[in-house]
Amino acid sequence: PRLHRPQSQLDDVASLWFGLGLSQPTFHQLPSRRSRDEGTVDQASKGFATMAAGLSKIARRSAELLYPGGSDVLTQHVSANLSKSDEQCTTKDLNKVGDFLATIYKKAAKGSIQKRVVRAILLK
């Protein structure tokens, strides 16, 4: 049998918010659309905290719909993937950088800017 696709889309904040069962009082605590569109919401504000809490609930509820038997595992996996940095330095990469800096330090003239900068980097 074919799956029935709903006619409505989640294309605005209200549809998303209420479609996943979040409350109206918290919806009214969201920052203005303009400040959200411009990315000017202060991270220390109550509105930002409301968005973060709402997104967390939306993610959990979505996981419950997608994977009812293991929604906790799914949300933990997604959370881990989101928190990973795009570029991960390996020990091999760090060793290459260290070797490169050591080579510069050995070959740089005594008292030169290159030698002083490399020494400062290596001491940090």
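**Exercise 1. Place Thr-50 in the fold and work out what surrounds this residue.**

Step 1. Start with the address: Thr-50 sits in helix α4. Helices here are DSSP runs of H or I with at least four residues, strands are E runs of at least two, and both are numbered from the N terminus. A quick word on the model: it is predicted, so local features need pLDDT of at least 70 and side-chain atom pairs count only at pLDDT 80 or more, while totals for chains, interfaces and linings use all residues. Residues are numbered from 1 along each chain as its sequence is written, and side-chain values use heavy atoms, with hydrogens and water left out.

Step 2. Is Thr-50 buried or exposed? Thr-50 is buried because its relative accessibility is 8%; the cut-offs are under 20% relative accessible area for buried, over 50% for exposed and partly exposed in between (1.4 Å probe, protein chains only).

Step 3. Now look for company. Skipping neighbours within four places in sequence, Thr-50 is in contact with Trp-17, Thr-26, Gln-29 and Leu-30 (contact: heavy atoms within 4.5 Å). With Gln-29 there's also a side-chain polar contact of 3.4 Å. That term means a pair of N or O atoms within 3.5 Å; within protein, one must be able to donate a hydrogen and the other to accept it, and residues adjacent in sequence count only if both atoms are side-chain atoms.

**Exercise 2. Find the aromatic pairs and see how they join up.**

Step 1. Use this rule: rings of Phe, Tyr and Trp (its six-membered ring) pair if their centres lie within 6.5 Å, with planes under 30 degrees apart called stacked, over 60 edge-to-face and the rest tilted. How many pairs does that give? The count comes to two.

Step 2. One pair is Trp-17 with Phe-27, tilted, at 6.4 Å centre to centre and 55° between the planes. Trp-17 belongs to helix α1 (residues 13-19) and Phe-27 to helix α2 (residues 24-27), 10 residues apart. Trp-17 counts as buried because its relative accessibility is 5%, whereas Phe-27, at 23%, is partly exposed.

Step 3. Phe-27 also pairs with Phe-18: tilted again, 4.9 Å centre to centre and 50° between the planes. Phe-18 is partly exposed, at 37% relative accessibility. Put together, Trp-17, Phe-18 and Phe-27 make one aromatic cluster.

**Exercise 3. Describe the largest pocket and its lining.**

Step 1. How much space lies in the largest pocket? About 350 Å³. On a 1 Å grid over the protein atoms alone, a pocket is an open set of points where a 1.4 Å probe fits, with protein on both sides within 12 Å along at least five of seven lines; lining residues have an atom within 4 Å of a point. Points are joined across faces, edges and corners, and the volume is the space filled by probe spheres set on them.

Step 2. Of the 17 lining residues, Ala-59, Arg-60, Thr-75, Val-78 and Ser-79 are the closest to the centre.

Step 3. Which helix gives the most to the lining? That's α5, with nine residues; α4 (46-66) and α5 (71-83) each supply at least two.

Step 4. Sort the lining by type: seven nonpolar, seven polar and three charged. Here nonpolar covers Ala, Val, Leu, Ile, Met, Phe, Trp, Tyr, Cys and Pro, charged covers Asp, Glu, Lys and Arg, and the others, Gly among them, are polar.
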